[in-house]
Amino acid sequence: MRTMDVLCLSVLVLAGLAVACQKPPTSPSRPAQTGPISPVPQPNPPSGPYRLSGTVFETGATGMRPLAGRQVELWIEYSPRPGRFESMRQDATTDEQGRYDVSGLPNSLVWIFAAPEPAARDLNGHTHLQPCAAARRVEQDTTFDVELVPADDPRPPTRVRPLTISGIVFETTPGGRVPVKGARIYAEKPLDFVATGAISDAEGRYRLCGLPEDQWSLFALAEGYQMWFGDPFPLIADRTLDIEVRR
């Protein structure tokens with residue numbers, strides 16, 4: 001074998017060993033049970049500040065109804081400079097007309113969580129138990145309305161993107177399937193971040209809506225039951241997924 005061939009082969013072998021010995025990147029750790037997992041944002045040039053405002057409302061038989069006194073949480077992911085990612089949180093409360101208004105935001109991806117009702121908080125006190133995903137890229141002053149669905153009416157909302165994941169949370173007993181009320185179901189990007197959540201009703205029904213086409217996975221919590229994790233799946237159309245929880 002020629003000297004040049006031996007040298008090239010040695011370089012390739014050493015490069016292969018270097019790749020094999022690299023430590024794989026660690027995934028973001030899941031917070032205590034239901035806290036949202038931070039996304040990995042794309043680099044953006046630092047800019048702003050910008051303003052994000054809108055109305056939190058629900059649509060019932062009589063039409064749109066603004067919701068006053070609702071806490072709104074903004075989870076903000078941004079890159080102050082290339083290669084560095086940071087996150088922060090800002091809170092607001094809707095006024096008598098259901099409007100929220102937050103200023104001083106950087107160029108960022110903002111996940112907007114609004115409590116469907118004052119008591120709808122997770123175990124960490126966060127308000128992201130809303131059936132519809134609400135995310136917005138803030139690159140200028142932006143207006144974005146958030147529609148909530150009443151807890152006793154798990155129908156799809158009327159003013160968001162149509163893709164939904166829905167089903168029944170149940171327990172298998174000697175007498176058959178029994179629906180589980182009050183289970184908390186969350187949709188997340190695999191190993192990335194919680195996008196939205198909902199609570200099962202008296203018939204065990206849940207519905208997650210406003211989700212874009214992408215890879216998603218679900219996990220569920222119900223008092224007295226083990227935590228349930230689902231496998232990631234691509235969402236390209238409405239999907240029905242029943243969840244069996246066990247004690």
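How many of the residues in β3 are buried? In this predicted model, the count is 9 out of 11, so β3 is mostly covered, with buried meaning under 20% relative accessible area. That strand is a good place to start a tour, as β3 pairs with strand β4 and also with strand β6. After that, we'll look at the salt bridges, of which a search of the whole structure turns up 8, and then at the aromatic rings, where the same kind of search gives 2 aromatic pairs.

**Strand β3 and its partners**

- Strand β3 covers residues 71-81 and strand β4 covers residues 84-93; the two run antiparallel and are joined by 9 bridges.
- Want a couple of landmarks along that pairing? V72 has A92 as its bridge partner in β4, while Y78 has E86.
- β3 and β4 make a hairpin with 2 residues between the strands, and in this hairpin G83 takes a positive phi near 85 degrees.
- β3 also runs antiparallel to strand β6 (residues 108-114), and here 6 bridges do the joining.
- One spot to look for on that side is L74, whose bridge partner in β6 is I112.

**A closer look at Y78**

- Y78 is found in strand β3, and its bridge partner in β4 is E86.
- Is Y78 buried or exposed? Y78 counts as buried, because its relative accessibility is 15% and the cut-off for buried is under 20%.
- Y78 and L109 are 31 residues apart along the chain, yet their C-alpha atoms are separated by 6.6 Å.

**Salt bridges**

- As a bit of background, side chains of opposite charge can pair when their charged atoms come close.
- R51 and D101 form a salt bridge in which the closest N and O atoms are 2.3 Å apart.
- What does the pair of R51 and D101 tie together? R51 lies in strand β1 (residues 50-60) and D101 lies in strand β5 (residues 99-105), so the pair ties together parts that are 50 residues apart in sequence.
- R51 is partly exposed, with a relative accessible area of 41%, and D101 is partly exposed as well, at 39%.
- R65 and E58 meet through their side chains in another salt bridge, with 2.4 Å from N to O.
- The two ends of that bridge sit in separate classes: R65 is partly exposed at 44% relative accessible area, whereas E58 is buried at 13%.
- E203 and R205 also meet in a salt bridge, this time with 3.5 Å from N to O.
- Here E203 counts as partly exposed at 45% relative accessibility, and R205 counts as partly exposed at 37%.
- There is a network to find too: salt bridges link E73, R89 and D91.

**Aromatic rings**

- Y186 and F219 form a stacked aromatic pair, with 5.2 Å centre to centre and 20 degrees between the planes.
- Where in the chain do Y186 and F219 lie? Y186 is in strand β12 (residues 184-188) and F219 is in strand β15 (residues 214-221), so the pair links distant parts of the chain, 33 residues apart.
- Both of these rings belong to buried residues: Y186 has a relative accessible area of 0%, and F219 has 1%.
- F229 joins in as well, since ring pairs link Y186, F219 and F229 into a cluster.

**Charges over rings**

- Which residue lies over the face of F170? That residue is R177, at 3.8 Å from the ring centre.
- A second example involves R239, whose charged end sits over the ring of F233, 4.1 Å from the centre of that ring.

Key: Residues are numbered from 1 along each chain as its sequence is written. This is a predicted model: local features need pLDDT of at least 70, side-chain atom pairs count only at pLDDT 80 or more; totals for chains, interfaces and linings use all residues. Side-chain values use heavy atoms; hydrogens and water are left out. Two strands pair if DSSP finds at least two bridges between them. Helices (H or I, at least four residues) and strands (E, at least two) are DSSP runs, numbered from the N terminus. A salt bridge is a side-chain nitrogen of Lys or Arg within 4 Å of a carboxyl oxygen of Asp or Glu. Buried means under 20% relative accessible area, exposed over 50%, partly exposed in between (1.4 Å probe, protein chains only). Rings of Phe, Tyr and Trp (its six-membered ring) pair if their centres lie within 6.5 Å; planes under 30 degrees apart count as stacked, over 60 as edge-to-face and the rest as tilted. A charge sits over a ring if NZ of Lys or CZ of Arg is within 6 Å of the ring centre and within 35 degrees of the ring normal.
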